[in-house]
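Work through the exercises below with the sequence and the structure at hand. Each task is followed by a worked solution.

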Amino acid sequence: MKYNFLLLLLVSCKVFSQQERLDSLFAAQKDFSGVILIAENGKPIYHKAFGYREFETQIPLQKTDIFELASVSKQFTAMIIMMLKEKGKLSYDDPISKYLQIPYKGITIRHLLTHTSGLPDYQDIMDKYWDKSKVAGNPDCIEYLNKYAPPKHFEPGEKYEYSNTGYMLLASIAEKANGKDFIELCRKWIFRKLKMKSTDIRTLEEKKATKNFAIGYIYVEEKSKYIRADSFPSSNYTIWLGNRKGPGRISSTAADLLKWNKALYTNKLVKQTTLQEAFTPMKLNDGSFSNYGFGWVLRTDPKFGKIVWHNGDNPGYKTQIIRYIDKKKTMIILNNNAHRDFNSIIKQLEAML
């Protein structure tokens, strides 16, 4: 009995000390605005909000506030593809020409999932030719990809090169394979199933109507202050590409992302054997391996073992989810002022785990 009490006391002191160190870290980052959630075995051990939901009125951020996830969304797109594969609706090695007409040959769904397709960046094409007074969606992006058809960067499977184009196409392939809208698939198969009540793929209007939506800010040197990212519509692609699906656009809370993380340790969405392929590096044409699976960056660490993670970067936002699989630890960072020391903060947080 005495031993158990002492053990509990030691654990409590360790947790308290860790929380103090984490608080000190963010006290030193006075202009950091965001929500931090650190969990062990699916339970939060640190969950706090810092900064502002709106800088002009200095409305404080709450832990329940909703953030744009940016490219953290890609893991959900990959999950929809894996679910469709389990349902027999598609194969990873299907050519994309089976579902979509684009002017590039020899590319498979697997190439899209692993960023090894060699496809040019659709965003560059849209930036150059799209009328930015209009809001584009996937059909528009695919139309312009066909219309202007810049050359491939390399042959499929030759190397890894991060590709938003690939994940935009994956969402459209999911629609073709199942005959339903990608957004509805995400809602029905993932968000509602996991009771992620604050998570959705929202239109620009829906975001504005969501009271607890954390607005993204950019620091403007000339004015020495943070300005709303949506004050710069021509350079803010999230506005004129506001209807695209696949590479981004999911918005969520840290608590909802923890629900997602917990589900990935179960068979609730897909079998663990299916999920393991998402956490397996892609073998390239020359026999070497990339460090990317299906919607996840992969690494192995001497201290933590197997780690899968992904970051997101939209005007005004920086986000990251890191899953220390072997240690059953998770770190979620949602930031709405594109903090200049974001990566440094993550390294410091990781050192405290």
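A salt bridge is a side-chain nitrogen of Lys or Arg within 4 Å of a carboxyl oxygen of Asp or Glu. The model used here is predicted, and it holds 19 salt bridges.

**Exercise 1.** Find what the side chain of E175 meets in a salt bridge, and state where the two residues lie.

Solution. The partner of E175 is K245, with N and O 2.7 Å apart. E175 belongs to helix α6, while K245 sits in the loop between α9 (237–240) and β9 (250–252). The two are 70 residues apart, so the pair links distant parts of the chain. Next, apply the cut-off for buried, under 20% relative accessible area. K245 has 15% and is therefore buried; E175 has 21% and is therefore partly exposed.

**Exercise 2.** Check the span of helix α6 (residues 164–178), then decide whether the helix is largely enclosed or not.

Solution. At 1.5 Å a residue, the 15 residues should span 21 Å. The end C-alpha atoms are 22 Å apart, which agrees. Of the 15 residues of α6, 13 are buried, so the rest of the structure largely encloses the helix. After α6 comes G179, with a positive phi near 75°.

**Exercise 3.** Classify both partners of the salt bridge between E184 and R192 as buried, partly exposed or exposed.

Solution. The closest N and O atoms of E184 and R192 are 3.1 Å apart. E184, at 29% relative accessible area, is partly exposed. R192 reaches 52% and is exposed.

**Exercise 4.** Place K188 in its helix and in its surface patch.

Solution. K188 is found in helix α7 (residues 182–191). With a relative accessible area of 47%, K188 is partly exposed. A positive surface patch includes K188, with K180 and K193 among the other members.

Methods: Residues numbered from 1 in each chain as written. Predicted model: local features only at pLDDT ≥ 70, side-chain atom pairs only at ≥ 80, totals over all residues. Heavy atoms only, no water. Patch = residues over 30% accessible without salt bridge, like charges linked within 9 Å, V, L, I, M, F, W, Y side chains within 5 Å. Areas by Shrake-Rupley, 256 points an atom, 1.4 Å probe, with all protein chains shown as cover. Lys, Arg positive; Asp, Glu negative; His and termini not counted. Charge placed at Lys NZ, Arg CZ, Asp CG, Glu CD. Helix = DSSP H or I, 4+ residues; strand = E, 2+ residues; numbered from the N terminus. Buried < 20%, exposed > 50% of the residue type's maximum accessible area, 1.4 Å probe, protein only. Expected span 1.5 Å × (residues − 1).
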